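Here is a short report on a protein chain, with the sequence and model shown below. It covers helices, strands and nonpolar cores.

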Amino acid sequence: MNATLKALRGSAAIAGVATFGCGEAPGFTDMELLARSARAAVADAGLKMSDIDGLCTASVASTMWPMPVIEHLGINPRYIDGTMLGGSSFIAHLLPAMHALHAGQCNAVLVCYGSAQRSGAFSRAEIARARKFLDPQPYETPYEPMLPPSAYALAASRHMHQYGTTRRDLAEVAVAARAWARLNPEAFMRDPLSIDDVLASRMVSDPLSVRDCCLVTDGGGAYVLVRADRARDLPKPPVYVLGNGTAVWNRQISSMPDLTVTAASQSGADAYAMAGLQAKDIDVVQLYDAFTINTLLFLEDLGFCAKGGGGAFVRDGAIAPGGRLPVNTNGGGLSCVHPGMYGIFALIEAVRQLRGEGGNRQVAGATTAIAHGNGGTLSSQSTAILGTAAAL
């Protein structure tokens, strides 16, 4: 591990977080959802929008998204990052922002996202149609697969074939997420859900049923990153960034070297090395669960169990409330919120847990957390390791 990266460990902290409009927010645009959550996160940090001199943001629908965001918020950032890696973007934004803070280029970085994909006029289906022309997948688009579900179904099928994973194992992931969501008043889906319910639900792309697939919701999310010394003078308990790593191995699922091994194995190793921690040191785990297979793959690739052992690891409610490892304590993308890109919400939930703001779903005594983002079709992976002052 680069000594400079290790020196950045704990040099920056998340001082404010907020969500807005999660679930259904009719009448709001992407920008309005972003702006509401951004202003709330800045206020949560005890700052004013005029204090923000760094901005990181990305959008599925707009390639030049940082510019209208800057205009709408009325800020003049000295540091700007519009890197778009799909749903992992807002976790991947951490390390470059830490470099900018460390160098003195800026003092307070706002990372923000908003999407009205459920209620808005420009729906997810229209975005998918547009993407065939704007972002064609040369080895896949000609065959008109149902993306993204069929890509993840391919990974799930391979995992089942190679390791004996079952649909019941996948259902455990969905049921655990729902059990956490039922403890979270912000979660979109809070009805009871059983293993049998998942197995009996409508098949979307074999072996994935509708309950194996993430929600389609609206929502905005934002967080504010500052240097550690400044964070200690702000109102909320600082949540320090101990490690961050990002990796991309492919764009198309058909170009993955191995359908059962994701670039999370690289991003996680980099984040652990920077943090000086291992999987056994992590109290709370927030994973980008676009589909139930994601949770199994990431638990394996991030070292919580052996490769191929994900199915056995999650059995009997092991990642549900009261289980051996708290995973996706807000309900995740499967039951809480998924407005196109979920990564920022995984990070926000990790911060809330480390601050002790989880309410009925709070994990007692949590001092370390992982927030892991996924983008595209198992294409980009970014891992963040966060900690309280006790973990420094």
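Glycine 276 comes just after helix α11 and takes a positive phi of about 70°. The coordinates belong to a predicted model.

**Helix α11**

Helix α11 covers residues 264-275. Its twelve residues should span 16 Å at 1.5 Å a residue, and the end C-alpha atoms are indeed 16 Å apart. The buried residues of α11 are Ala264, Ser267, Gly268, Ala271, Tyr272, Met274 and Ala275. They lie on the same side of α11, because they cover an arc of only 165° around the axis. An α-helix has 3.6 residues a turn, so residues three or four places apart point the same way. The packing partners of these buried α11 residues are α1 (3-8), α5 (94-103), β8 (239-248), α12, β10 (368-375) and β11 (380-387).

**Strand β10 and its partners**

How many residues of β10 are buried? Eight of its eight residues are, so described as a mostly covered strand. Thr368, Ile370, His372 and Asn374 point one way from β10. Ala369, Ala371, Gly373 and Gly375 point the other way, and all of these residues are buried. In a regular strand the side chains alternate between the two faces of the sheet.

β10 pairs with two strands, as the table shows.

| Strand pair | Sense | Bridges | A bridge in the pair |
|---|---|---|---|
| β9 (residues 284-287) and β10 | parallel | four bridges | glutamine 286 with alanine 371 |
| β10 and β11 | antiparallel | eight bridges | alanine 371 with alanine 384 |

Alanine 371 thus appears in both rows: it is the partner of glutamine 286 and is bridged to alanine 384 in β11. β10 and β11 form a hairpin with four residues between them. Glycine 376 sits in that turn and has a positive phi of about 70°.

**Helix α8**

Helix α8 takes in residues 167-181, 15 residues in total. From first C-alpha to last it reaches 21 Å, close to the 21 Å expected at 1.5 Å a residue. Is α8 mostly covered or mostly uncovered? It is mostly covered, with twelve of its 15 residues buried. Among them are Asp169, Glu172, Arg178 and Trp180. Ala174 and Val175 are also on the buried list. The buried residues of α8 pack against α7 (149-163), α9 (195-200), β6 (208-209), α12 (292-301), α13 (310-314) and α14 (332-335).

**Nonpolar cores**

In soluble globular proteins, nonpolar side chains tend to be buried together. Here the largest nonpolar core has 123 residues. Leu110, Leu225, Leu299, Phe304 and Leu386 touch the most other members. Helix α15 (residues 343-355) gives the largest share of this core, eight residues. Another core, of six residues, lies apart from it, and Ala174, Val175, Ile195 and Val198 are among its members.

Which residues does leucine 299 touch, not counting residues up to four places away in sequence? They are Leu287, Phe304, Cys305, Phe313, Val314, Ile319, Leu325 and Val327.

**Cysteine 56**

Cysteine 56 is found in strand β2 (residues 54-57). Why does cysteine 56 count as buried? Its relative accessible area is 0%, and buried means under 20%. Leaving aside neighbours within four places in sequence, cysteine 56 is in contact with Tyr79, Asp81, His93, Ala97, Val109, Leu110, Val111 and Cys112. Tyrosine 79 is 23 residues away along the chain, yet the two C-alpha atoms are separated by 8.3 Å.

Terms used:
Residues are numbered from 1 along each chain as its sequence is written. This is a predicted model: local features need pLDDT of at least 70, side-chain atom pairs count only at pLDDT 80 or more; totals for chains, interfaces and linings use all residues. Side-chain values use heavy atoms; hydrogens and water are left out. The expected span of a helix is 1.5 Å times one less than its number of residues. Buried means under 20% relative accessible area, exposed over 50%, partly exposed in between (1.4 Å probe, protein chains only). Contact means heavy atoms within 4.5 Å. A nonpolar core is a set of buried Ala, Val, Leu, Ile, Met, Phe, Trp, Tyr and Cys residues joined through side-chain atoms within 4.5 Å. The arc is that of the directions from the helix axis to the C-beta atoms. Two strands pair if DSSP finds at least two bridges between them.
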